Amino acid sequence: MIKIFKSIALILLLFITQQLFAQNATITGTVKSADGETLPGVSIFIKETKQTTITDGKGAFSISAPEKGTLVFSYIGFKTQEIQISKNGPVSVVLQSSDNALDEVVVTALGISRQKKSLGYAVQELKGQDLAEAKESNLVNALAGKIAGVRVTNSQGSMGSSRVVIRGETSIAGNNQPLFVVDGIPVDNSQLNSAGARDYANTISDINPEDIESISVLKGPNAAALYGSRAAAGVILIKTKTGKSKKGLGIAVNSNAVLETLLTLPVYQNAFGQGSEGRFSYVDGAGKGLNDGVDESWGPKLDGRLIPQFYSKGVAVPFVAHPDNVRDFFQTGYSLNNGVSVADAGEKYDYRISYNNLKQVGIVPNSGQGKNSFVFNTSLKITPKLTLTANANYSKLNSDNLPGTGGSRSTSTMLQFTWFGRQVDINQLKNYLDENGKTFNWNNSYYSNPYWVAYENTVSQNRNRIIGSLALNYKIIDGLDFNFRSGTDYYNDRRKVRIAYGTNGTPFGSYTESAFTVNENNTDATLNFNKQLNEDFSLELLGGGNIRTQSIEQNDQSAPKLAIAGLYTLKNSRDPLISSNNLSRLKSYSVYASGQIGFRNYLFANITARNDWSSTLPAQNRSYFYPSFNGSFVATEAFDIKSEALTYLKIRGGWSKVGKDADPYRLINTYAFGAPFNINPDLLKLYPDIVGANPQLSPGAIDLNPNLKPETTTSTELGVEAVFFNKRLRFDLSAYNTNSYNQILAADVSQSTGFSSKLLNAGKINNKGIEAQLGITPIKKAFTWDIDFNFAANRSRVIELDAEKLLTNYVVASSSAQVIATVGQPYGSLFGTAFLRDGNGNIIVNATGAPATNPNKQVLGKYTPDWIGGVYNTFTYKGLSLGVLVDASIGGSIYNGTYSTGTYTGVLASTLPGRAAEYGGISYYYPGNDKTKGTVRVNGTAPAGVTVYDDGIIFDGVTADGKPNDKILPAQQYYKTFRNIDESSIFDASYVKLREVKLSYNLPAKWIRPLSLQGVSVSLVGRNLWIIHRNTVDIDPEVAFNTGNGQGLESLSNPSTRSYGINLNVKF
Amino acid sequence: MKNKKFYILAILAIAFSSCNKELDEVNINPNAPEIPQPDYLLTGAIKNTSDTYWGTTNNLNSSLLFVQHWAKVQYTEEDRFIFSNSSFTALWSTGYAQSVAGLNKIIELADAQSNPNYKGVALVLRSWVFLLLADAYGDVPYTQAGKIKQFVTPVYDKQKDVYYGILNDLKSAQSVLDPAAGAARISGDIMYGGNITHWKEFANSLRLRIALRIADKEPTKSKAVIDEIKTEGGNYIGSNAFNAQLVYQASPQQNPVAASFETRNDYRISKTIVDKLFALKDPRLPVYASKTENVTPQNYVGIPNGSTNSEASAIGLANSSKPGAYFLNPLAPAVILSYAEVLFDRAEAAARGFTTENAEDLYKQAIRASFSQYALTGSDVDNYINQAAVQYDPGNYKKSIGEQKWIALFGQGLEAWAEQRRLDYPQLTASVNTVLNGKIPVRFIYPGTEQSLNGQNYKNAVSSQGADLLTTKLWFDAF
């Protein structure tokens, strides 16, 4: 491989040495910015001789020039300046920063800074301050609503995972999350399984937002093609703060406190308590009493009648509602975040050191986590030509217990609360042990006490992570640099999962230790060449190579049943330990090149090319090449338009292709081990030949594919950027069309093939969409008002799954309903059981009057929204600034698992209609009190001697022969019929949220200077304050339980939260 | 200059080939074997298949309820036949993707290693799996099943063709199985400890079972199969010691029934069978049922099948009988084919005139074998057999054999259900709370995933067999 790099270097050198120079008198000088900082790297060009140079680290230059020549100084972010050489002697040049956003500089792929106007694709940046003040412990959340085309879904609260997708899902089965790159080093953002039913945060949350200088979002392959394999879903480039911007020593202290409270809870009914068919009486909570093993709320009216209850020791006590019995379980969470940083810069060095401590306490009792992070960034000028940069980021995450999620009865938070008797007084449960040390609960047939679950069944997490890199920059000659960078991202993540002895359903308890070791190394060597070729043309070239290795190792040990209670060690096991480990490694080599030619600063052409060799593909398909082209045309400069009304107009466009390799070990089928089966002595007597212990092997579930090819994504993008009225109106529009094909996906096949799925290399998906940003500044005086809109709409369509067109559906995820990719439909279809309907759309009922289920499952919606957008209003007056972000996700559907379960269990307010005469229930009786005879409506008076019920409901449907349904169903039966019809729990997932309100104040200099402070700012921040609009009941429609593609299936998710806090930042 | 180019190319070529080799090595899976051993596969296939055969979905929560051996005391939806097309996926997925796939691999390895005994054993087990599938669903993929390289969407064979196919497979298994001392040995056999003689007996007993399964529809074929076995000089399972069964071990290798009761408390013995055992003063009652937790007058109380949640709850968990300790034992066997069943089958073959054996005598032997399966002997057994209600009725052999077989097959839900559907005895009635208009399920619904993954073949099967409903009668179920 090294040979390849060398040959590329050789080619570049040959190219450069052809530039020959003529000598004249020597001009020396320095270049500074308006505020007196020296500017290194400024391009200087002599119009007459076409000679060029750049300034050194101190902003000094030296060049031979004819005596009456013209020097042209150009520097990214500054206005180009021409000066006439009038006399010999040092020249002092002051460059004015270009106020023009239009000369804005952005970080692009591989960390290359480019003038935004030269780019043929959309790229959007977010400044560090926005992140630091947003006070999200998971930095992904701070992107929500601010960047067009970026969709963030947060799971629950501040400790869970968040998923980010840019421009829709391009991969049917693979990872659709963008690649995260921190200071040039790709870092891991996976979410490693969910042992212990916890929603572990995606690992990019290890990066402390306080340390971020800027985030640059490269949307999709056009912008990110140079990153290759992982660019199809876009790249999020994070640049951390350095000491460079400081003049001398600077110390900053940041402190904030944030409170977290419930934002949503299901809406419960408070009219009927636990039981079934109106009857309930407690003896042991496990079936000995009257319906006391029934964990549903179809019991008697909560009218204060006297009934023995779980805490009353057989005494009949008033049966009354406890409307806040779920709400009262939750507590106010908080987080305290304190950080300090020191930065300094001298002539030959700069550095920044920061330390940050975060302590979080969750809304679920006994949940919380802590994070400590240290960051050290430095650069040293070893010689005038050689610069060494080193970055190190160490973070430690520690949690004794994360909040339980999902539907596991031993750990879930919300499972029990969707079956929670409405009469249960949660305060009676706080003491969760009875006098015998056993779990004390309102129900003992299925659940343990919710506090037992929270305090005894814990999952701890401990992650130690280091992200570090070393980089060398060597200036070979003016305009030609050699860069070498090697970086690593290494972490250990350990979880300890405890289920206590005596937990309902896990009577012996269990103990599991899970450990992950994740490591990714990237080494890059590049040659960069920049040159103003002549007055008209500029050239930037880059060539380089990358070696990447990645390994993920998992080790699990589990004591499936504890021998004695309360002791959590692997040796304390009744049964043989269950162990497993898994090691996944990959390695790839890449070479890449990019070039930009600029013409007169208004016409730019960019080209990139990359070839990868990946270990995960078979030798014959291992090497894959992909190019990209893009260009931009700045019309206002080309036609020299200098109008107030039209300040800037740029048109851009491009085409790109990226390849993507597979996961490791996807070529050859393997067999799975089962625990050895140990024969007992009796059988050994019968069959002397038998062996005592028999290892087990079983076929794998996936038929792998020895002929895999790389996945390919091509994307075409067009865009317009325009600025009107001296920047009072800013507009940026992109349209793109992305095709992903040869997709590697384990498509489910009929198991009668002998496999559950087959690894295909065939799927094809199309995404097209538009993104718009609009900025308006209605008032621009001492008081300024900025409005920033962003909008994105993406339309996806699954074109095909397999080449033979045998398969029509790919199952992405399953709960009750499924998420599938189905040919001809948008990605992420929700698929499940539906009502049976007649030709007119009426729902058909069966003989009992209950809605019938269509035997064929139906597409019931899609989880992806029609469009997403945000409006950010910023008001500034002197040091005071108020920001208000409202964001929206419109369209798309969600399967509301909480509603489905809560309807079945009768706890939700939506189950009230019809449950008694006062709720509109119809009166009916059974002839002769014989239930087999069916229900008869009471017209006038009922026959003597029959029991009359008042909870009758007639389902609004028609019989098979088209007559209106007139069968009365008891309410309990009525509501329970919907459980098996997924369609009844599909809701529109649209929402509009007040995402962020931020009030910050920078104290005036005259106040703080006497205290020898450089800056003091105070801000008040509220996040997720209000769901302004939603069409779902009982849940926050913005839920994700993980970062995978199986979204849109809500299942007993923990309530979402709002947070508000105060932030203080002091700079010395 | 030419040389220089050559050197550069040569260096590049070497660099590439060494890189390729390195990358190949990185991608060797260090976690799982690519080439399996037949003995480990055999253990895996027996264990996985038995788990699903004896486990919750196919046994406790469906067929044992349909034949009214067991009933539900909590969450009674299944006992009222409220199912969806995701209710019956386990038999399909394990049967095909674990059992058939693993057994096919054993057959492939056996051919490669010239070990016909592995092949024979795998064929026997595979035939049993296909039998379970066909009995439960009707038409199922057979000829194109488990051949993903050729068939991504296997066609469904008619149920009759599946039975005929596995009869052939069993015949060839029978012929390749070689118990001779010098023949190739097998390991990993956790059923018969590598004893090929017993595999041959199991194979013949399965052929006998299938012959009777089709006897109402294809009596000539049935007789031909039985004659064929006789001509071959084949033996059937000849004692309870050699029942085809997997004897489970302590946790975590415990019997699926024991595993269920460790964490759940959903099942009780059915009132139907308790009443029958009481009526016949059957000594097996204390084996089949546990005493109620609360002291009750009868000690053994069954739950009526199809109770509503509140009806079952009204009887109460403590006032109703769990299955007997024999069945709740972690070490209990999952019985696949018992000596008693062989005797009942022989009795029926005789009754149908397929053989010249004495039907009544075999019937009595079968009942005795069932008792001895649970170590019940002595005068109780004689008294039981001699009572009028148990006596063999040559005029209605289906009733005699059907009722006694139903009792003898207690716990073997899938087989008991197949035989009850075929013999139509005992005559069971559905609770008024059930949802099939008074009918009891006579088949499993195909997994819902078949509609999306193998849609055309699924549609063909439905149009040939009848609607994909619990109440659509299968081919073998003639009456």
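Let's start with a contact in chain B: Arg443(B) lies over the face of Tyr446(B), 4.8 Å from the ring centre. Please keep in mind throughout that this is a predicted model. From there, the briefing turns to the overall build of chain B, one of its helices and its loops, and then to strands, rings and a loop residue in chain A.

**Charges over rings in chain B**

- Besides Arg443(B), which sits over the ring of Tyr446(B), there is a lysine to look at: Lys221(B) lies over the face of Tyr164(B), and its distance from the ring centre is 4.8 Å.

**Overall build of chain B**

- The secondary structure of chain B comprises 20 helices and four strands.
- For 479 residues, a compact globule would be expected to have a radius of gyration near 23 Å; the value for chain B is 25 Å, which agrees.
- If you measure along the principal axes, the C-alpha trace of chain B spans about 105 × 55 × 45 Å.
- As for burial, 63% of the 479 residues of chain B count as buried.

**Helix α4 of chain B**

- Helix α4 of chain B covers residues 89-112, and at 1.5 Å a residue its 24 residues should span 34 Å; the C-alpha atoms at its ends are 33 Å apart, in agreement with that expectation.
- The helix does have a kink: α4(B) bends by about 35°, with the kink centred on Gly95(B).
- Of the 24 residues of α4(B), 19 are buried, so the helix is largely enclosed by the rest of the structure.
- After α4(B) comes Ser114(B), which has a positive phi, near 50°.

**Loops of chain B**

- Two cis peptide bonds are worth a visit, beginning with the bond that joins Ser251(B) and Pro252(B), where omega is about 10°.
- Pro252(B) has its place in the loop between β2 (244-247) and α9 (256-263) of chain B.
- Another cis peptide bond joins Tyr425(B) to Pro426(B), with omega about -5°.
- Pro426(B) belongs to the loop that runs between α18 (413-423) and α19 (449-453) of chain B.
- Asp424(B) also lies in the loop between α18 and α19 of chain B, and its phi is near 60°, a positive value in a residue other than glycine.
- With a relative accessible area of 24%, Asp424(B) is partly exposed.

**Strands β1 and β7 of chain A**

- In regular strands, side chains alternate between the two faces of the sheet.
- Strand β7 of chain A (residues 91-95) shows such an alternation: Val91(A), Val93(A) and Leu95(A) point to one face and are buried, while Ser92(A) and Val94(A) point to the other and are not buried.
- Strand β1 of chain A (residues 25-33) runs parallel to β7(A), and five bridges join the two.
- Across this pairing, Val93(A) in β7(A) has Val31(A) standing opposite.

**A four-stranded sheet in chain A**

- Further along chain A, four strands form an open sheet with antiparallel pairing, in the order β47-β46-β48-β49.
- The edges of this sheet are β47 (936-937) and β49 (968-970) of chain A; each has a single partner strand, so one side of each is left without a neighbour in the sheet.
- The partner of β47(A) is strand β46 (residues 922-925) of chain A, and the two pair in the antiparallel sense over two bridges.
- Within that pairing, Tyr925(A) has Val936(A) in β47(A) as its bridge partner.

**Aromatic pairs**

- Over all chains, a search of the whole structure finds 81 aromatic pairs.
- One pair is made by Phe329(A) and Phe330(A): the ring centres are 5.5 Å apart and the planes stand at 85°, so the pair is edge-to-face.
- Both Phe329(A) and Phe330(A) are buried.
- Phe599(A) and Tyr602(A) also form an edge-to-face pair, at 5.8 Å centre to centre and with 80° between the planes.
- Tyr602(A) has a relative accessibility of 15% and counts as buried.

**A loop residue in chain A**

- Asn291(A) is a residue other than glycine with a positive phi, near 55°.
- You will find Asn291(A) in the loop between β17 (250-262) and β18 (306-308) of chain A.
- Although in a loop, Asn291(A) counts as buried, at 1% relative accessibility.

Definitions and conventions
Residues are numbered from 1 along each chain as its sequence is written. Chains are lettered from A and ligands numbered from 1 in the order in which they are written. This is a predicted model: local features need pLDDT of at least 70, side-chain atom pairs count only at pLDDT 80 or more; totals for chains, interfaces and linings use all residues. Side-chain values use heavy atoms; hydrogens and water are left out. Buried means under 20% relative accessible area, exposed over 50%, partly exposed in between (1.4 Å probe, protein chains only). Two strands pair if DSSP finds at least two bridges between them. Rings of Phe, Tyr and Trp (its six-membered ring) pair if their centres lie within 6.5 Å; planes under 30 degrees apart count as stacked, over 60 as edge-to-face and the rest as tilted. A charge sits over a ring if NZ of Lys or CZ of Arg is within 6 Å of the ring centre and within 35 degrees of the ring normal. The expected span of a helix is 1.5 Å times one less than its number of residues. The bend at a residue is the angle between axes fitted to the seven residues ending there and the seven starting there. The radius of gyration is taken over C-alpha atoms; the globule rule is 2.2 Å times the number of residues to the power 0.38.
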